[in-house]
Amino acid sequence: MSTASPDGMRVTPLESFPPPERWHDWRELDAKAWPKRVEKRYTIVPTICFNCEAACGLTAYVDQATGDVRKVEGNPYHPGSRGRNCAKGPATINQVHDPDRILYPLRRVGPRGAGSFERVTWDAVLDDLAGRMRKAIQDGRLTEIMYHVGRPGADGYMDRVLQAWGVDGHNSHTNVCSAAARLGYTMMVGHDRPSPDYANARFVLLISAHLETGHYFNPHAQRIQEAKMNGAKICAVDVRLSNTAGLADYWLAPRPGTEAMLLLTIANVLLAEDLVDRTFLRRFTDWRGWLDAHGNGGADFGTFLAQLRDHYAWATPQRAADECGLDADTIVTIAREIAAAGSRFSSHVWRNAASGNEGGWEVARTLQLVTTLVGAVGTVGGTNPSGWNKFVAKPFASPPPQQVWSELLYPREWPLAHHELSFLLPHLLKTGRGRIDTYFTRVYNPVWTNPDGLLWIEALRDEALVGCHAALTPTWNETARWADYVLPMGVATERHDLMSQETHAAQWIGFRQPVLRRYKELRGEAVEWTWQANPGEVWEEDEFWIALSWRIDPDGSLGIRKWFESPYRPGERITLDEYYGWIFEHSVPGLPEAAQSEGLTPLEYMKRHGCFEVRSGIYESFRDPVPAAELAGAERDEAGAVVRRAGKVVAILDEDGSAVRGFPTQSGRIEIHSRTLAEWKWPEFADPGYIESHVHERQLDRSKGEMVLVSTFRLPTLIHTRSANSKWLTELSNTNPVWIHTSDAERLGVHTGDLLRVTTAIGYYVNKAWVTEGVRPGVIACSHHLGRFRQRGEAHGGNRWQQHESDLTEVEPGTWRVRRTGSIAAFDSSDADSRRVWWREGGVHQNFTFPVQPDPVSGMHCWHQKVTVEKAQPADAYGDTVVHTARSLAIFEQWLRRARPAPGPDGLRRPLHLKRVVRPAEATFRLPTDG
């Protein structure tokens, strides 16, 4: 609720904020002119943050005197973030005015990797790329064009572009992020991530540091705090005493990789003490399928419940205490707290344990099992599946699916991988599995972000493997040096995108728009391309892809151009106003009516407000009746309590005989037993279980100083690889020491600030110690955000707020060394703050020393590392890194041999019912008969 004060400001629960009707001409006093009363006039333009995937609302203040963006704040009318942004949102203004940012398209001069570039025109870029792509498409080389994205910041736009080209070329970062958790959730409920209703919860279980970091952490964190203020209890499961754990009622720090064991024990307590929701389990789980798989087909629900209780009876509190290194009584207490909360139990895991460990996908699966047992699925205060809360609007026309399958994206060894095996791309290229003609990296820095980054360099520098590499990026990064083109793309205030995220029990969309273009339009100035309004010639991807597609197929003979023609002006090139305007008119329920009530078109409404709530109060969508029209021609199976068409479940029968929506699984219900895992060569994992991690205690030789390195935690003020162009964020967080427990530090004889050498299977790095009791003994932890560098003497580059200078040298084939040659320091620039830089270290990059470790089932990179830790040697210096890439290739082969490749049933390379990013034609799912 909000009320108007006498001065016209709108008072919200957050703060006073300019009312939207005055955004076109907002006046306020200039704080810097105090004590003089100097009035400033702004035009406020809403947009969406682009510094993580939460899609929080922003408002940009354009100074009417200069036409510059002067500040960025939250948008209190945004349904997800409600104006309560984290530090990363307002820091957008740093990115806009960063003195080191790339403002014009650049083309490589000299050998790839030499770091020399020249300015070119956008026309030259488009002509060159379109020419080589046209030839590849005409030659039928439809797997040699690849788009590799880090943070998409959009919903579905690029899928349409790639399918218009007819290529199988979408690659992502997800298998170094969340793919394991996604697989675990999918195997249970058919949706790939949770959407907790934190605000109404009575007990919150976080296998994360979600009050400070993580997926959608800001919209989630504020709702967790609301729940806590209303009496809810919080349990944080984390090897570190994170800020989240510090605010929790319970902090559990199990041995890394044993989290699924903890959750199975909680499930056992719930079953043994009969604390489960029998009605929910009977109506909405596939207990019939469980009984069929366990030799009791045709038995009743009571038999299922007894059998399930027996199945998990081995997971006793004492066994979990021994395995996890926790207190047995505390585990029982947590289980009873969850039972007491019942349907108001909210939970979440995203990266953390799921991403760190072999078998990490079972963490999400066992967490969903606990949620299911207490009936907290889709309830008020429970946890929705993500698909109920995320809203993806459809465009005006969609190309048909591509007719090819790229095994550089989905190799047959991992048929159940939820996303592309992106982090293995250089390994697949170097072992002869293919090549890439034209490679786009977009808001992605694989050299620095991924494990085994030096092998990425070896692949990217080889023009026989990668013919042309264009880096589309808002900032200079370590990968850009190995590109042929570096193409500047806009930050949050400089681009169009449509986004929606599952932040709470509602659906909403957010519209990111280029602020200065909008400002010029409001002043009556015509703008053809966004780069004409942005700083320099910074463009945006949406328009870039349209322009490129027209260059690839100028006469329409390839069948590409038609997908980029206006739905309003046949044969003419589509504009983004037309693309998004059509979506807002036709694909967003309630938006046309809301716009009409204000005398606006739907497009103008979204430009003016920046967001729209589609639905609110979304709960228990699995109970929604299925319209009779959708059931035409389907058959009821009363014994199985489902409705099928052509053998596929299209609805489930509730106990009153009504057909309801259910879940998008094979059975239509929550699947505690997975027929998919059983049929696809993993029968031992068909029921939720516990898989010992690759860093399990049995894998460690403590006598040799072996420990577990946890590298998956994030700093709340940094953005993977896009923080280096923000002075505010870098000043807040500018080093990443190694967390080490006091007992381990005493054993090694080190103190805070001393240098440690951390040795992995392929090399080592040297970093400073931070001695603390806030981490589990036997475990070290180091954040991955820092250690940004540029090559000594590099002609192009930037991000001097965070990047130090280094020598990156291949001392012999397959052996690399990184040594710092300079520290972060004050520098001269157009920003006076650059002369005030006081920090020097900048952190240490550790990912170079990590071999790839693809989980045999999910394909997710298992981030945790078995390491030895010792005091630094006399010749070691802060930041020293040595890596042997030949060893990393050998380790890749070891993990590869543990996979169980396709074909699966019917000669398939992947189950047809599983989602696949930019899904190709169904025929491509079948392996060729000759292989």
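Which residue stands opposite Tyr439 in E19? Keep that one in mind while we set the scene.

This is a predicted model, where local features need pLDDT of at least 70 and side-chain atom pairs count only at pLDDT 80 or more, while totals for chains, interfaces and linings use all residues. Residues are numbered from 1 along each chain as its sequence is written, and side-chain values use heavy atoms, with hydrogens and water left out.

**Exercise 1. Find the partners of strand E19 and say how enclosed E19 is.**

Step 1. Start with the opening question: Tyr439 stands opposite His469 in E19. Strands here are DSSP runs of E with at least two residues, helices are runs of H or I with at least four residues, and both are numbered from the N terminus.

Step 2. Now count the links. Strand E18 (residues 436-442) runs parallel to E19, joined by 6 bridges. Two strands pair if DSSP finds at least two bridges between them.

Step 3. Look at strand E20 (residues 485-488): it pairs with E19 in the parallel sense over 4 bridges. There, Ala470 has Tyr485 of E20 as its bridge partner.

Step 4. Check burial. In E19 (residues 466-473), 8 of the 8 residues are buried, so the strand is largely enclosed by the rest of the structure. Buried means under 20% relative accessible area, exposed over 50%, and partly exposed in between (1.4 Å probe, protein chains only).

**Exercise 2. Work out what sits on each face of strand E28, and which strands pair with E28.**

Step 1. Recall that in a regular strand the side chains alternate between the two faces of the sheet.

Step 2. Sort the residues. One side of E28 has Glu706, Val708 and Val710, the other has Met707 and Leu709, and all are buried. With 5 of the 5 residues of E28 (residues 706-710) buried, the strand is largely enclosed by the rest of the structure.

Step 3. Follow Val708 to its partners. In strand E36, its bridge partner is Lys866; E28 and E36 (residues 865-871) pair in the antiparallel sense over 4 bridges. In E32, Val708 stands opposite Val779, and E28 and E32 (residues 779-781) run parallel, joined by 3 bridges.

**Exercise 3. Trace the E4-E5-E6-E7 sheet, then the pocket that shares some of its strands.**

Step 1. Read the order: 4 strands make an open, antiparallel sheet, E4-E5-E6-E7. E4 and E7 are the edge strands, each pairing on one side only. From one strand to the next, the twist averages 40 degrees; axes are lines fitted to C-alpha atoms, for helices over the stretch in contact, with angles from 0 to 180 degrees between N-to-C directions.

Step 2. Zoom in on E4 and E5, an antiparallel pair with 4 bridges. Leu29 has Glu39 of E5 as its bridge partner.

Step 3. Go to the second largest pocket. Strands E4 (26-29), E5 (39-48) and E7 (69-74), plus helices H1 (92-96) and H24 (727-732), each give at least two residues to its lining. Of its 23 lining residues, Lys32, Arg70, Lys71, Ile93 and Trp728 lie nearest the centre. On a 1 Å grid over the protein atoms alone, a pocket is an open set of points with protein on both sides within 12 Å along at least five of seven lines, a cavity is a set where a 1.4 Å probe fits but cannot get out, and lining residues have an atom within 4 Å of a point.

Step 4. Give the volume and the chemistry. The pocket holds about 610 Å³ of space, where a volume is the space filled by probe spheres set on grid points joined across faces, edges and corners. Its lining splits into 8 nonpolar, 4 polar and 11 charged residues. Nonpolar covers Ala, Val, Leu, Ile, Met, Phe, Trp, Tyr, Cys and Pro; charged covers Asp, Glu, Lys and Arg; the others, Gly among them, are polar.

**Exercise 4. Describe the largest cavity.**

Step 1. The whole structure has 12 cavities of 30 Å³ or more, and the largest cavity has a volume of about 240 Å³.

Step 2. Pick out the lining: 21 residues, with His173, Tyr444, Thr449, His720 and Thr721 nearest the centre. By class, that lining has 6 nonpolar, 12 polar and 3 charged residues.
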